[in-house]
Amino acid sequence: MPSRFAIVLVLFLLGVLHALIGWLLMPALSAVPFLPALLGGWLLLSFLLIPAGMLARVIRSQPLSDRLAWAGMLAMGIFSSLLLATLLRELGLWLSPLFKLDHDQFASWSALAVLALAAVSSLVGFFNARRLAAVVDVDIPISGLPAALHGYSIVQISDIHVGPTIKHNYLDAIVSKVNALQPDLIAVTGDLVDGSVRELSAHTAPLAKLRSRHGAYFVTGNHEYYSNAPEWVAEVRRLGLTVLMNQHVVIRHQGASLLVAGVTDYSAHHFDEAERSDPHAALAGSPPGVALKLLLAHQPRSAAAAADAGFDLQLFGHTHGGQFFPWNLFVPLQQPYTAGLNRLRNLWVYTSRGTGYWGPPKRLFAPSEITRLRLMPG
């Protein structure tokens, strides 16, 4: 749990930002009698709902806990758009003399535009987040790939975040779409859940229906560690997935061999030193002569160690592709990759934008994905 000081600081900053929006917009909306009061009422409600939604997990009673989480996360998404649009408007007001615009008229209609932009972006973002993820096809050229592995398909899902706003039906639809692709292998690259096994086991049950020629493999993400990782590792194994924790397996496919390794989350050592993420350990004891060495990880920060260890291909999640603007601009401050296929020395790295979402049910310019990767001769 965060400290009391941290909670007070967050509430103070949240209050300041809500007050700033009201101070900047409400005078310019006075031409429409009900709008200043409507905006003021919404800002007060938003200030109350956002912390309530973030702390909803401490409430044991259902469905109250989930309903509070839903309300708080929706309010957070709207607030984010409103704040960004308000700041952009202030920039426009500052620049308006350069374009010889009437300041009062520009102030009035731009305030209305802020409300419209916040509403539209929140609605579009909600639709994008809640719809079933699209399939993204990615071909990976591998030098010297045996003919037996040409077209070998790996379907990756990541960052589903089963929790207060993502439940059984959402995950079940993902599983059905993955199975319809008839993959050779399924990779689940962490952040499956936000909550305990006791709370969410009924909602993660659809994972047991995953089907592929060579099974489904899971690696932990940071959110598993926030939610009692040992219990979730046991539960995912019970559902029939192979959990790889700095380990590997060797798969035989039509006479060719494929090594599939997995590491614990990059931050796992903060919770248990014995589970420190280690791509080198994941390869320990591996046989020579495998056609491809694939590593599953959660955070792109594992890429450099994977390249050093000698892997050919690594799959990540974690970033959500930024999930919604402008947070995609901040991902590179922590992670070397935000989304898509990249090359690091001899290693191909693919970063999924995620199959679900975290926090606000909102995605803008970062659509969710179910990724079908196909091995091709390089």
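Helices and strands here are runs assigned by DSSP and numbered from the N terminus. With that in hand, let's walk through this predicted model, starting at a loop.

Asp-194 sits in the loop that links strand S3 (185-188) to helix H6. You might expect a charged residue to have a partner, so who does Asp-194 pair with? Asp-194 is buried but has no salt bridge. A salt bridge would need a side-chain nitrogen of Lys or Arg within 4 Å of a carboxyl oxygen, and the nearest side chain of opposite charge, Arg-57, is 5.1 Å away. What Asp-194 does have is a polar contact, side chain to side chain, with His-161 at 2.7 Å. Its contacts beyond the close sequence neighbours (those within four places) also include Val-162, Gly-163, Leu-200 and Trp-358.

Now follow the chain into helix H6, which covers residues 197-204, and stop at Thr-204. Is Thr-204 buried or exposed? Thr-204 counts as buried because its relative accessible area is 0%. Its side chain reaches back to the backbone oxygen of Ser-201, at 3.3 Å. Setting aside residues up to four places away in sequence, Thr-204 touches Val-162, Leu-171, Leu-192, Val-193, Trp-232 and Leu-239. Sequence distance and spatial distance are two separate things to keep an eye on: Thr-204 and Gly-163 are 41 residues apart along the chain, yet their C-alpha atoms are 9.5 Å apart in space.

Next, step back to strand S3. Leu-185 and Ala-187 point one way from it, Ile-186 and Val-188 point the other way, and all of them are buried. That fits a general pattern: in a regular strand, side chains alternate between the two faces of the sheet. S3 also has a partner strand, S2, which runs parallel to S3 and is joined to it by 4 bridges. In one of these pairings, Val-155 is matched with Ile-186 in S3.

That brings us to the largest nonpolar core, which has 35 residues. Ile-160, Val-178, Leu-210, Leu-241 and Ile-370 are the ones that touch the most other members. Elements giving two or more residues to this core include S2, S3, H6 and helix H5 (168-180), and H5 gives the most, with 5. Take Val-178 as a sample: leaving out neighbours within four places, Val-178 is in contact with Val-155, Ile-157, Pro-183, Ile-186, Leu-210 and Ile-370. Another core lies apart from this one, with 26 residues, among them Leu-185, Leu-244, Leu-258 and Ala-291.

Terms used:
Residues numbered from 1 in each chain as written. Predicted model: local features only at pLDDT ≥ 70, side-chain atom pairs only at ≥ 80, totals over all residues. Heavy atoms only, no water. Buried < 20%, exposed > 50% of the residue type's maximum accessible area, 1.4 Å probe, protein only. Contact = heavy atoms within 4.5 Å. Polar contact = N/O pair within 3.5 Å; in protein donor to acceptor, adjacent residues only side chain to side chain. Lys, Arg positive; Asp, Glu negative; His and termini not counted. Core = buried A, V, L, I, M, F, W, Y, C linked by side-chain atoms within 4.5 Å. Pairing = 2+ DSSP bridges.
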